[in-house]
Each structure stands twice: as structure tokens, then as C-alpha cells.
Number of protein chains: 2
Amino acid sequence: MALYTIVMAGGRGERFWPLSTSKIPKPFIPLLGSNSLLQETVVRMQPLVPLERILISIGKEHEEIARRQLPQVPADNFIIEPVGRDTSACLGFCALHIDQRDPDATLLALPADHFIGDGDAYLKTIQKGIENLEGATAVVFGITPRRAETGYGYILAEKPSVRADAWPVIRFIEKPDAPTAERYVASGNYFWNSGMFLWNNHTLLKLFAALMPETYKGLCALRPLIGKSATDARMTEIFASLPRISIDYGIMEKSSGLRLIPAEFAWDDIGNWASLERALAPDALGNIAQGSHVSLDSNGCIIYAQSETIAAFGVSNLVVVQAYGKVLVCSKDKAADLKRLVTALGPQEG
Amino acid sequence: MALYTIVMAGGRGERFWPLSTSKIPKPFIPLLGSNSLLQETVVRMQPLVPLERILISIGKEHEEIARRQLPQVPADNFIIEPVGRDTSACLGFCALHIDQRDPDATLLALPADHFIGDGDAYLKTIQKGIENLEGATAVVFGITPRRAETGYGYILAEKPSVRADAWPVIRFIEKPDAPTAERYVASGNYFWNSGMFLWNNHTLLKLFAALMPETYKGLCALRPLIGKSATDARMTEIFASLPRISIDYGIMEKSSGLRLIPAEFAWDDIGNWASLERALAPDALGNIAQGSHVSLDSNGCIIYAQSETIAAFGVSNLVVVQAYGKVLVCSKDKAADLKRLVTALGPQEG
């Protein structure tokens with residue numbers, strides 16, 4: 001029952017423009033330090049899983065940057081998708097690969113672009129998940145909500161009557177409106193869906209067969225093509241025919257027998273520049289800055305300088321980013337809406 | 001009575017950081033278009049004065065950039081100061097040079113770093129000055145004040161009783177406080193001192209002899225050294241001994257018989273980034289931008305991109321400047337105080 005980790009390095013480019021673009025999406029940018037989020041995700045797992053069992057799932061347009069960022073990962077562990085079809089196709093395809101290597105494997109799926117506050121607590125939480133997988137359809141990892149966030153999905157779980165690590169999952173819940181989110185935070189039984197899941201690999205394949213038969217049929221057709229290049233015409237054709245559905249919607253929401261492990265680490269999906277405030281420590285004036293910078297009479301700003309020096313003077317609550325020949329100056333409350341700006345900039349920027 | 005023009009390209013670097021620095025002060029930056037302010041000043045004069053009679057007064061540390069920016073100006077017309085001693089020394093030294101070329105010359109002194117709104121009206125105003133110089137000690141050019149500016153010096157003049165272009169000057173006035181400036185604007189007899197002056201060259205040398213005897217003594221000692229390099233030890237020694245006094249304070253304020261020509265052109269000394277609003281046309285949202293830029297939901301900003309693209313999103317009343325590997329983000333009301341930031345940045349920036 002060896003543990004395999006799938007690091008899912010998909011994702012878009014608009015939210016962290018100009019540091020991220022469609023060519024260099026969020027997992028590949030060094031948002032929280034000198035390592036990219038993808039690199040941090042791999043390094044964070046290494047104490048628990050040897051590199052031989054860490055697989056990187058990426059689109060073929062990002063194969064080169066992924067291999068360059070992760071020279072320590074074995075070449076065969078990059079699972080390249082010819083075309084993206086959301087996390088169900090991604091994880092189904094990875095499950096096929098793992099099934100070839102070890103039919104009794106356990107599969108841990110991890111998004112590559114989240115903030116994790118404490119690596120030790122993170123591994124401890126995952127360890128608890130592994131210990132509670134037997135007898136469950138899957139284990140999910142839930143984050144105790146710290147605010148009435150309307151941008152995340154939630155999971156309702158039942159507090160175990162005896163002292164236990166795992167909470168039986170009642171149901172998955174789509175992004176709520178604000179009053180509902182308030183109620184969720186107050187209740188104590190609702191968790192943020194971290195997008196981290198654990199299955200026995202053969203269970204996951206069975207779930208595809210039962211709950212996503214169209215995808216499963218595609219996976220069966222893909223099985224003999226494993227080892228071929230992602231540019232293979234037949235592989236591309238099959239992949240393109242798979243429905244574009246998330247694993248949450250396609251499988252998790254329809255599964256019974258799920259268990260939830262409450263996370264013991266700080267977590268954020270860092271969805272845009274403004275959310276860096278929840279992941280990085282501010283200075284005395286509440287500014288968060290990376291790279292070469294000076295600020296004077298400025299507070300509440302998020303400053304990211306890739307190669308130039310940013311000087312902020314007498315400004316508040318701004319996002320200022322310099323990267324790849326572009327400078328973004330954005331009010332913090334517009335950061336979540338950055339796609340509008342990228343659209344205005346035109347197609348070469350997205 | 002040939003007209004010589006002295007373009008005074010002194011000036012500091014802090015006010016337009018990071019585009020201007022001590023190495024590339026304000027006259028040498030392309031603040032209002034593709035030409036530098038110095039280049040614009042020379043081009044603006046050319047219809048009235050041939051290049052052979054346009055002299056460029058600069059410190060020796062800026063000789064190279066000045067010659068590079070003005071290849072059309074004859075090499076001998078760059079008057080290099082070994083050390084800066086304000087405008088009295090600058091103009092005295094230039095007057096010596098002109099005296100050698102043409103003892104009957106007229107000297108027009110022009111700052112190299114101001115905004116002039118209308119080149120034709122400017123030349124017409126200067127032409128009126130030339131026509132009114134005979135019988136006067138000097139002609140000064142006054143700007144009708146458009147606001148109660150406390151950052152400029154004023155000139156009080158007497159409205160001529162008959163219809164005439166020249167107003168007799170009553171006196172020069174230092175920078176006033178706000179209520180006084182309000183009164184000046186309301187009166188109609190106060191003008192902003194543009195720093196543009198016109199003398200017969202021999203009259204100016206006589207004024208030095210009478211009103212600035214110490215400087216005049218230095219000028220007499222400098223006369224036989226004309227033609228030597230600005231690195232000449234004796235020249236440097238004499239220059240360093242000259243008092244650091246402006247021509248306004250040293251001569252103009254003490255002179256009688258001055259006449260003022262009211263300017264017929266828009267003028268601004270563009271003292272800092274925020275004053276670009278008075279020199280350049282804003283877009284529909286009141287943003288002023290040069291270089292590659294996009295703005296969305298942003299108003300009242302001043303954007304200057306030297307080599308990168310600046311994107312402004314949901315911001316107001318900011319100065320955003322990218323130049324020479326630096327990015328400035330500054331509230332518009334702090335722009336006049338930019339020296340504080342440059343000081344905080346350390347000596348290599350000033």
C-alpha cells in the first residue's frame with residue numbers, strides 16, 4: 001500500500017499577472033519565496049514520500065518549465081496531458097499510471113498552488129488521513145474556516161461521537177453566499193474544501209467506472225497508450241473527448257463513505273495578489289514586500305519586485321508588481337478582478 | 001546687436017526620480033515628449049536665433065550628455081562650468097564668452113527645464129522684449145499667475161498708462177505665503193518670475209561690476225582663461241571662489257530700470273511629477289500617461305513608462321513612473337516631497 005502523490009500543476013495565469021501568464025501559470029511562479037509554489041509542494045512532501053513516488057501532472061505546454069523547476073523528480077514521473085480536461089481527467093490518467101506501477105497503491109492528490117502554513121503539521125495531517133483511509137471510500141482534508149469566504153467550496157462533516165481524527169462527511173457544498181458562509185463559520189461542522197484527496201488507487205478507478213462512465217471508457221482506451229508521447233494523435237483525440245469536469249463534481253460529491261481530516265495547518269488558496277496578506281508576514285506598517293523595494297509613509301500594500309526596485313511613497317492598500325517588463329498598480333480590492341485588466345491588455349498577455 | 005541665447009541647463013535630480021538623477025538631471029530627461037527639456041528649449045529658439053549664437057551652459061559632469069543630446073550645436077558653444085555657483089556665476093561666465101565674440105551682443109538667458117505652452121507666442125513675446133530693451137537696464141518676462149502659487153517668485157510691475165508692451169518693474173518678490181499669493185493673483189500687477197532675462201551683454205557685465213564686485217573680480221580673472229578646459233586648475237579655483245548667488249538675488253532685485261513683458265504663452269516650471277498635469281493633456285478620466293500603458297477604472301493618475309508597460313487598475317491620484325530599473329508609486333500630493341524618498345533610498349540614487 002505504497003503512497004503515491006500526484007501534484008496537480010494546472011491553473012491559469014490571470015490572477016497573478018504580470019508574474020503569472022498563460023505561459024507561466026500560478027504553480028510555476030515564486031510567489032511566496034524563492035521557490036515556485038510547485039517546487040514548494042514537492043519539497044514539502046519529500047519527508048513523507050520518496051521522489052520516485054511523486055508524480056507531477058501538467059499540460060504539455062508546461063512540460064518544459066515543470067521539468068526545469070523539478071530536476072530532482074524522475075523523468076518518467078511527469079504525467080503530461082495532451083489537453084486539459086479538469087481534475088477528473090487529470091487524476092484518472094494519473095491513476096492509470098500508478099495502477100501500472102503498483103495496483104495496491106494509495107493516491108494522494110495535491111493542488112500545486114496553495115499556501116501551507118506549517119510543513120510539519122501538514123505532514124502530520126496527511127499521516128492521519130492515511131491511518132483513516134481503511135474502510136473509507138476516500139479521505140478528504142478540510143480547513144477550519146477563519147472567515148465567511150464565499151470563494152471556496154465547503155464540506156459538511158459530522159463531529160465524531162468518540163474522540164477520533166476522522167469526521168464522517170455529510171456532503172460537499174458549492175460556493176455559498178455571504179449569509180450562508182457566516183452560518184457555516186459559526187456552526188463548527190463546515191470545512192473549506194482544500195482540494196486534497198486520498199484514495200486507494202483501485203478504489204478511485206472503480207469510482208470512475210461507477211460515477212463517470214464516459215471518462216472511464218476514455219481511460220480504458222488510454223491505458224494501452226501509456227508511455228507514448230503527449231503529442232500522440234490518438235491519445236490527444238481521446239483526451240479531447242473526455243468531459244471537462246472537476247473531481248469534486250464528478251466523483252467526490254457523489255461518493256458516500258468519505259471521511260474528513262480537519263487540517264492542523266494554516267491554509268489559503270491564495271487566489272489573487274491580495275490574498276498574499278494571509279500567507280506572508282507584513283512589516284510594521286502592514287506592507288508585504290518581496291524583491292528590491294523601499295517604502296515610505298505607505299501602509300497595507302503588497303509589493304512584488306521581480307527584477308527592478310519598487311519605491312512606494314505615501315500610498316495605501318495597493319498591489320504593486322513588477323515582472324517580465326510589466327508593472328501592475330492595482331487597488332487591493334480590485335485584485336480579485338484582475339482578469340478584467342488582463343482581458344483589456346489583449347490576448348498576448350493572458 | 002546680434003542676439004545670443006544662453007540655455008542654462010543646471011538643476012537637480014530628485015524631483016523627477018527615477019527618470020532624473022544627479023547624473024541625468026531634469027533638463028536632460030524627455031519629460032514632455034520624445035525630446036529632453038533641453039532639446040526642446042534649443043529647438044524652440046531656433047526660428048529666432050541661429051545655432052551659432054545659442055550657447056549651452058552646463059556643469060562639467062553633464063558635458064557629455066549635453067553634447068550627445070545637442071549634436072547640432074557648435075562644439076564651442078558648450079560653456080562648461082568647473083563647479084556650479086548658481087546663475088550669477090553661470091551668466092557672468094557666459095557674458096565673458098559672448099563679449100569676446102561680439103561686444104555689442106544682446107544676451108537672452110533661458111532656463112532649460114520649463115514648460116512652454118506655445119512656441120510661436122513664446123517667440124513673439126521674446127521679440128517684444130528685444131524691441132523694448134533699448135533704454136532699459138534689462139527686460140524680464142513675467143507670467144500672469146493662474147493660481148496662488150507659493151513656490152514661485154513674483155515680480156510687481158506697473159501697468160503702462162498708454163497702451164504698451166512693456167511694464168516698468170517695481171520690484172522682485174520672494175516666494176510668498178498663501179494669503180499673500182492670493183492677493184497677488186487678484187491684483188493684476190504681479191507676475192510669476194519666469195527666470196527668462198534679456199540684457200545688452202555689456203550692460204550685464206557693468207551690472208556685475210556695480211552690484212556683485214566679488215563675482216566681477218573673479219570674472220576678470222577668468223577672462224584670460226577662456227578657451228581652456230573646464231578641468232584647468234586655475235579656472236576651477238577661481239570658479240570655486242565665486243559666491244553661490246542667483247542672478248535674481250545678486251543683480252535683478254537690485255537693478256532699477258527694468259521692464260517686464262507679460263508672457264503670451266502658457267508656462268510652468270514643472271517642479272515635480274504632479275505638475276505634469278499643467279503641461280500635458282489628460283485623457284477622458286484625467287490620467288496623463290507617456291510610454292506603454294493601460295489603465296482601467298483609474299483616474300487622475302500620472303503615468304510614465306520608460307521601457308516597461310504600466311497597467312493601472314482601480315487607482316486614483318497616483319504618480320507611477322518606471323525608469324532605469326526603478327518603479328515609483330507615489331500619491332500625487334507627495335510628489336513635491338519626493339526628495340524625502342530619494343534620501344531614504346540612499347546616496348547612489350540621488
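In strand S8 of chain A, the residue that bridges to Tyr154(A) is Ile173(A). I start there because it is a simple thing to find on the screen, and please keep in mind that this is a predicted model.

Tyr154(A) belongs to strand S7 of chain A, residues 154–157, and S8(A) covers residues 167–173. The two strands are antiparallel and are joined by four bridges. S8(A) also pairs with strand S10 of chain A, residues 258–262. That pairing is antiparallel too, with two bridges. Here the residue to look for is Trp167(A), which stands opposite Leu260(A) of S10(A).

Next, the sheets that use both chains. One is an open sheet of six strands with mixed pairing. Reading across, the order is S13(A), S15(A), S17(B), S16(B), S14(B), S12(B). Which strands are at the edges? They are S13 of chain A, residues 293–296, and S12 of chain B, each of which pairs on one side only. From one strand to the next, the twist averages 5°. Within this sheet, S13(A) runs parallel to S15(A), residues 309–313, and four bridges join them. One place to check is His293(A), whose bridge partner in S15(A) is Ile310(A).

There is another open sheet of six strands, again mixed, in the order S12(A), S14(A), S16(A), S17(A), S15(B), S13(B). Its edge strands are S12 of chain A, residues 288–290, and S13 of chain B, residues 293–296. The average twist between successive strands is 5°. S13(B) and S15(B), residues 309–313, are parallel and share four bridges. In that pair, Leu296(B) faces Phe313(B) across the strands. A general point for reading such pictures: in a regular strand, side chains alternate between the two faces of the sheet.

Now the cores. The largest nonpolar core has 78 residues. Which of them have the most contacts inside it? They are Leu31(B), Leu38(B), Ile56(B) and Trp273(B). Helix H4 of chain B, residues 119–131, gives the largest share of this core, five residues. Take Ile56(B) as an example: leaving aside neighbours within four places in sequence, its contacts include Val7(B), Leu38(B), Val42(B) and Leu70(B). Val73(B), Asn77(B), Phe78(B) and Ile79(B) are also in contact with Ile56(B).

A second, separate core has 77 residues. Among them are Leu108(A), Phe115(A), Ile173(A) and Leu296(B). You have met two of these names already: Ile173(A) as the partner of Tyr154(A), and Leu296(B) opposite Phe313(B).

Last, the aromatic rings. Over all chains, the whole structure holds 24 aromatic pairs. In one of them, the ring centres of Trp273(B) and Tyr304(B) are 5.5 Å apart and the planes are at 55°, so this pair counts as tilted. Why does it tie together separate parts of the chain? Trp273(B) is in the loop between strands S11 and S12 of chain B, while Tyr304(B) is in strand S14 of chain B, so the linked parts are 31 residues apart in sequence. Trp273(B) and Tyr304(B) are both buried. In chain A, Phe16(A), Trp273(A) and Tyr304(A) form a cluster through ring pairs.

Two rings in chain B have a charged side chain over them. Arg44(B) lies over the face of Tyr122(B), 5.4 Å from the ring centre. Lys254(B) has its charged end over the ring of Tyr249(B), at 4.7 Å from the centre.

Terms used
Residues numbered from 1 in each chain as written. Chains lettered and ligands numbered in written order. Predicted model: local features only at pLDDT ≥ 70, side-chain atom pairs only at ≥ 80, totals over all residues. Heavy atoms only, no water. Pairing = 2+ DSSP bridges. Phe/Tyr/Trp six-rings, centres within 6.5 Å; stacked < 30°, edge-to-face > 60°. Buried < 20%, exposed > 50% of the residue type's maximum accessible area, 1.4 Å probe, protein only. Lys NZ or Arg CZ within 6 Å of the ring centre and 35° of its normal. Axes fitted to C-alpha atoms, helices over the stretch in contact; angles between N-to-C directions. Core = buried A, V, L, I, M, F, W, Y, C linked by side-chain atoms within 4.5 Å. Contact = heavy atoms within 4.5 Å.
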